[in-house]
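Colleague: I should like to go through this model step by step. Please show the sequence and the structure before we begin.

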Amino acid sequence: MQRFTVSLKKHCMAWTAGFLLLSIPFTAQGAALDYSAETAKAYSLPPGDAGKPDGGTVTSEEFARLLEQSASLAGTTVSFELPASAAVTRLEVAAGLHDSLQLKDAPEPFSDVSDAAAVSVVGAVYQMKLMTGVSDSLFLPDDALTYGQARTIAYRVYDYLKPFELVETTIADIQRAMEQGKLTSRQLVQMYIERIEKYDHQGVKLNSIITINPNALSIAEQLDRERAAKGPRGPLHGIPVIVKDNFDTSDMPTTAGCVCLKDSVPQTDAEQVAKLKAAGAIILAKANLHEFAFGITTSSSLGGQTRNPYAPDHYPGGSSGGTGAAVAANLALAGLGTDTGGSIRIPSSFNSLVGIRPTVGLSSRTGIIPLALTQDVGGPIARTVTDAAILLDTTAGYDPEDVATAYSVGHIPASYTNSLDPNGLKGARIGVVTELLGGKPEEKPVTEVVYKAIDDLKRLGAETIPITIPNLKEIMAYPSLSGYEFKFQLNDYLSSLGPKAPYHSLSEIIASGQYDKTQESSMKTRDARESLNTEEYKDIVLKRTKLTRDSLLKVMADYHLDALVYPSASQPAAVIGSQQNAGSNNRLSPYSGFPAITVPAGFTPDGLPVGLEFLGRAFDEATLIKLGYAYEQGTHNRKPPALVP
């Protein structure tokens, strides 16, 4: 045996930067082959060997040099043993990785590996996704390792050895780090708490968090023990998330940002929160919001003014601006927001995030402080389409307490992650809503970014068709129902809190004076409404909804469209203290009840994020996720905010 020692070498910044370009996302999902042409291009053999053919045979010395590169870039040392020879077999590589990385023995699924010792080492590298098979059933242990396979394995070894990095991490990154023993849920929660202390309470003072869960660390410890004993429940096991503080939590106050509810702890969790907890997620904190979700600047009497992490003197959007700012600043992995008019999509757009407004009825509203239930939804806000899809998988579904969710039965796929197709835009027909692209001078920075996004859609294989939505002016002339339904539905919510409710009606809250006085006029106007049994209200509920749905479905049918696109907000984040206008584009989704997803489209010349919104048919979130994911993967527009490294 010849011992090859893979040692740490201080790599220069240029090499590090070069490696960042080749660190392509890698996943074993859906691929049993041990060779990836994409990975082979990304991970070159050491100088002098880069031109070797993918199918050629690797010597043990060449493979050792590849592993040296992997270990060096990961900042560690590994002692690796294998026979010195002109060729090295796949089983020899598996045994070397098993011993050098001290992997745990595990069973494996290959029919051509029968020796007990070989089963253990092949099972170990298979479980850690360092080596897969050449097919679903064959490992070919005696075959010589090829250059293509060597590059792939070397990249995986780097990924295995590299330290966990919190900033811009994903659910998959975290689960892999926990599986590899690099990270525990408790450590992860502690990292996020420290970032909240560093950036939310000090430094740039984002002011995005109202309450940190005092039990988060102990919950994480319990989930770590469960993982060790039984394995993870699923992709959200041990993952810290933030929820907007209008979702009921039985172990923390639920305030809607209002001082009047600062001590109000509901008896039960909101249905979506309960589903997250059941999946193993940790509710790390409750996020600030525009008080009672009335506006889009995210200011409240309890939480104050939240700031935009990309420009702290600018608004973060709203009303879910606390969730948006916190997720963008990497204070949590992802979060939940609510959307009555644009309150998931506007802050997602302003913070370079992915936000999904589901079809009304896809996900339960039980336990969410209402603004207007005809339009209200709760949904995910995340840094990637993949993570948003995982959250939607968890939170969607029928709830007997919310009759609207009965419409979702039969319309929810096995998993929204099945739609994560990087080629999802090829052959897609996208309607560009020209009337919503913006023509005013103040809309120009957003419009220019969106025109570039439309060019990217074409480049990625979509056919973009300029369209005009029938009756658009009439649709947009209708008001939101938040000015009609709020009083009655808030009173119902307060009644649901039982005898311990701090107040029992909107009238009592107004009389107390314990609220944001800048909203006093709006609150009194809503409180003065005596009944919903009016022709005006019925006209909005019935005619507005039908007109919007019919108009959208007709244009999509006429042009055979998969989705419509337009700017998520017609203007970027405004300076705090000035007037914030996001436009009316966001109304199409709540007025119709149809789903929409916003994805990062880029940045204005001033460095402010812009979002591109895709709108689809009812319960067609899977198509929107496919289109949004393909656009995301083809552009990689999101960049983390520089002020919160």
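Colleague: How many residues in the lining of the second largest cavity are nonpolar, polar and charged?

Modeller: This is a predicted model, in which local features need pLDDT of at least 70 and side-chain atom pairs count only at pLDDT 80 or more, while totals for chains, interfaces and linings use all residues. Residues are numbered from 1 along each chain as its sequence is written, and side-chain values use heavy atoms, leaving out hydrogens and water. Ala, Val, Leu, Ile, Met, Phe, Trp, Tyr, Cys and Pro count as nonpolar, Asp, Glu, Lys and Arg as charged, and the others, Gly among them, as polar. On that basis, the lining of the second largest cavity divides into nine nonpolar, one polar and no charged.

Colleague: What is the volume of the second largest cavity?

Modeller: A cavity is a set of points on a 1 Å grid over the protein atoms alone where a 1.4 Å probe fits but cannot get out, and its lining residues have an atom within 4 Å of a point. The points are joined across faces, edges and corners, and a volume is the space filled by probe spheres set on them. Two cavities of 30 Å³ or more are found in the whole structure, and the volume of the second largest is about 60 Å³.

Colleague: Which helices and which strand each supply at least two residues of the lining of that second cavity?

Modeller: Helices (H or I, at least four residues) and strands (E, at least two) are DSSP runs, numbered from the N terminus. Of the 10 lining residues, the closest to the centre of the second largest cavity are Leu-67, Val-78, Leu-101, Val-157 and Leu-161. At least two lining residues come from each of helix H3 (60–74), strand E2 (78–82), helix H4 (90–100) and helix H6 (147–161).

Colleague: Is Arg-156 buried or exposed?

Modeller: Arg-156 is found in helix H6. Buried means under 20% relative accessible area, exposed over 50%, and partly exposed in between, with a 1.4 Å probe and protein chains only. Because its relative accessibility is 6%, Arg-156 counts as buried.

Colleague: Which residue's side chain makes a polar contact of 3.2 Å with that of Thr-254?

Modeller: Thr-254 is found in the loop between strand E4 (240–244) and helix H10 (271–278), and its relative accessible area is 0%. Leaving aside neighbours within four places in sequence, its contacts (heavy atoms within 4.5 Å) include Asp-245, Lys-286 and Tyr-493. A polar contact is a pair of N or O atoms within 3.5 Å; within protein, one must be able to donate a hydrogen and the other to accept it, and residues adjacent in sequence count only if both atoms are side-chain atoms. The side chain joined to that of Thr-254 at 3.2 Å belongs to Lys-286.

Colleague: How many bridges join strand E14 to strand E15?

Modeller: Two strands pair if DSSP finds at least two bridges between them. Strand E14 (residues 596–603) has seven of its eight residues buried, and three bridges join it to the antiparallel strand E9 (residues 354–357). Strand E15 (residues 609–615) also runs antiparallel to E14, and the number of bridges between them is seven.

Colleague: Which residue takes a positive phi in the hairpin of E14 and E15?

Modeller: The bridge partner of Phe-603 in E15 is Pro-609. The hairpin has five residues between the strands, and the residue with a positive phi near 85 degrees is Gly-607.

Note on methods:
On a 1 Å grid over the protein atoms alone, a cavity is a set of points where a 1.4 Å probe fits but cannot get out, and a pocket is an open set with protein on both sides within 12 Å along at least five of seven lines; lining residues have an atom within 4 Å of a point.
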